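Visitor: I'm new to this one, so could you walk me through it and tell me how each label is earned?

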Amino acid sequence: MSPLRFIGIDPETNTGESPTVWVDEDKRELVFQGWKPDPRLEAECAAFELPGHAVGIPDTEAVIRIPARMIPDIRKACDAAEACTDVR
C-alpha cells in the first residue's frame, strides 16, 4: 500500500467523527473518509442510470458524505493530486 499524504480534516471535528481527505500520490487519487449516508440517500444514488454509470453501487464502491465546509481541503487535495508526477 502506498503512503497517503494527509490534506485536511473537517474543521468542526471535536467528537471523534472525522471526515478526512488524503492524496495517494502514487495512484494520483483522492481518498476520503466520510459519514455513511442514510439508506434513502444511498438508494437515490444507486438509482441513477447515466452513460458509464449503471444502476446500483458496485461492491467495490461506496457512497459517502463530506461536509461542504471541507471544500477548501478538497481543492487542496485536487491540486496536490494534479501536481503528482508519473515519474517514480
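Guide: Let's start with the largest pocket, in what is a predicted model. About 220 Å³ of space lies in that pocket.

Visitor: What makes a residue such as Cys45 part of the lining of the largest pocket?

Guide: A lining residue needs an atom within 4 Å of a pocket point. Cys45 is on the resulting list, along with His53, Ala54, Val55, Gly56, Ile57, Pro58, Glu61, Ala62 and Val63.

Visitor: How many of the lining residues are nonpolar, polar or charged?

Guide: The lining has seven nonpolar residues, two polar and one charged. Glu counts as charged, and Glu61 is in the lining.

Visitor: Now the strands. Why is strand 2 called largely enclosed?

Guide: Strand 2 covers residues 20–24. Buried means under 20% relative accessible area, and four of its five residues are buried, so the rest of the structure largely encloses strand 2.

Visitor: How do you know which strands pair with strand 2?

Guide: Pairing takes at least two bridges. Strand 1 (residues 4–9) is joined to strand 2 by five bridges, antiparallel, with Ile9 partnered by Thr20. Strand 3 (residues 29–33) also has five bridges to strand 2, again antiparallel. There, Val21 stands opposite Phe32, and Asp24 has Glu29 as its bridge partner.

Visitor: What lies between strand 2 and strand 3?

Guide: Four residues, and the two strands form a hairpin. In the turn, Arg28 has a positive phi of about 55°.

Visitor: What makes the largest nonpolar core a core?

Guide: The test asks for buried residues of certain kinds, Ala, Val, Ile, Met and Cys among them, joined through side-chain atoms within 4.5 Å. Eight residues make up the largest such set: Ile7, Val21, Val23, Met70, Ala77, Ala80, Ala81 and Cys84. Strand 2 and helix 2 (71–83) each give two or more residues to this core, and helix 2 gives the most, with three.

Visitor: Which residues is Ala77 in contact with, leaving aside its neighbours within four places in sequence?

Guide: Contact means heavy atoms within 4.5 Å. For Ala77, the residues are Ile7, Val21, Val23 and Leu30.

How values were computed:
Residues are numbered from 1 along each chain as its sequence is written. This is a predicted model: local features need pLDDT of at least 70, side-chain atom pairs count only at pLDDT 80 or more; totals for chains, interfaces and linings use all residues. Side-chain values use heavy atoms; hydrogens and water are left out. Buried means under 20% relative accessible area, exposed over 50%, partly exposed in between (1.4 Å probe, protein chains only). On a 1 Å grid over the protein atoms alone, a cavity is a set of points where a 1.4 Å probe fits but cannot get out, and a pocket is an open set with protein on both sides within 12 Å along at least five of seven lines; lining residues have an atom within 4 Å of a point. Grid points are joined across faces, edges and corners, and a volume is the space filled by probe spheres set on the points.
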